[in-house]
Amino acid sequence: KGTQMKSKRLVLVSGLIGPLKSSNQSFTNTVKGYLENGFEVYHFAFYSRKNRRYDLQELLEHENYKFFGVPNFISQIVNGRKRKKGNTEQDMKIPMPNEIVKPEAEITKLQFFFKVLYDIFESVRLLIVVPFLKPDVIYSYEIYGVNPGYLISKVLHKPLIKRFQGTFIDSDNIDSKRTLFHKKVYEKDCALNIMANDGTKGDLVLKKLGFSDDKILFLLNGLDERIKRNVSTEEIDKKRKELNLDGKDLVLGIFNRFYPFKRIDRAVYLLRELKERIPNPYLLVGGMGGPTEQIIKEYVIKNGLENNVAFLGGLDYDNVIIHYHLCDVILILNDYANTGNQLLEAAYLGKQVIATDDGNNSKILRYDNIHYVRPDKFLEEAVKIALEIYQNKDNFKEQINTDILTWKERMEIELSKVNEVLNNWRK
């Protein structure tokens, strides 16, 4: 293949970003794309391979992958311990269903302090180690990796590639002091910006900051190959019995973390409305904890919905796929960045989906099984669609949509562009 290159050395700088056990398949599939196409990857990160939040095993199995972490006690102090509930979480209120919630772009003083210390630590480590590795390219993954990556790329005169999974900056806050931290990172000059097309319109942000089209690669994520595995009827039936789903009239599922803009609360609002119209609706909630978890659970109890909801906790990826198959309707309700992996997966599987329209997804992922609703009209539109699905659920045929790129196909596009950058750099 034209994309295969031998003996290319890539230094990957990712800070705290990595293969979290219950999410971030984007990271793992990106790194695998390079490992499987002739690159040696030297990965510098601020966590330990022993940190239980991360699963590096799949990457460590590759001979051409070398991991440079930090001692486990440092890793645990920074990102391995459970956080105590602060006043923010205790005082948090559940938003109204049609209210639009965006993530906070600014960083806290503690995060800023960590960022300064991390920049110093990682820059020194890279300056000591990387010259001996003789890299061909520096690859900074997300905002924490950019400053150290930029410095070593300048010292060694090597191309810098910046990779972002989306952005918190938009036209409303691009000139705000609160987003200055992110803005400074996005502005750093580089050979190529690779920005995920996740609904946050990161390409427009980069263009507004002065980058030309030839320095921007704007791509949808790919499908994880595991979504294609045949889930047996026995597996589905076993899980259905475990969850006592027999006799449930409409099974809804939302699989996301408990963060305000992820809008798990909307799924509960929808369930409450459906319970007044359908005999026995049921909601599966799968995802790691977060600041809205407690208030949502309290809302469920307060509204007498505890017999209609199952909180499943964090699910590994293979388990999520089985749960997809249990659902009559998959809910993807982010107010922000709603063109992510889940929407691609649900579109591929042909499952009935209710998704909030982020102004991007409805334009590029048009499938009969995906029903978009306006965030500011969420409840009335979602109730109407859910009732229509309930009334016709026996008539739907789940059809695999094969035109969505796999991660392997998506990485071929990235690798082609990166190899072009490398070839031009040497001229």
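The expected span of a helix is 1.5 Å times one less than its number of residues. Helices here are DSSP runs (H or I, at least four residues), strands are E runs of at least two, and both are numbered from the N terminus. This is a predicted model, where local features need pLDDT of at least 70, side-chain atom pairs count only at pLDDT 80 or more, and totals for chains, interfaces and linings use all residues. Residues are numbered from 1 along each chain as its sequence is written, and side-chain values use heavy atoms, with hydrogens and water left out.

Let's start with α6. Its 14 residues (143–156) should span 20 Å, and the end C-alpha atoms sit 21 Å apart, so the two agree. There's still a kink of about 25° centred on Gly149; that bend is the angle between axes fitted to the seven residues ending there and the seven starting there.

Gly149 is also one of the buried residues of α6, along with Ile143, Tyr144 and Pro148, among others. Buried means under 20% relative accessible area, exposed over 50%, and partly exposed in between (1.4 Å probe, protein chains only). The cover over these buried residues includes β1, α5, β4, β5 and α7, with contact meaning heavy atoms within 4.5 Å. Right after α6 comes His157, with a positive phi near 55°.

Two loop residues have positive phi as well:

| Residue | Phi | Loop | Relative accessibility |
|---|---|---|---|
| Lys134 | near 50° | between α5 (109–133) and β4 (137–141) | 66% |
| Arg263 | about 60° | between β8 (250–255) and α10 (264–275) | 0% |

Neither Lys134 nor Arg263 is a glycine. Lys134 counts as exposed because its relative accessibility is 66%, whereas Arg263 counts as buried because its value is 0%.
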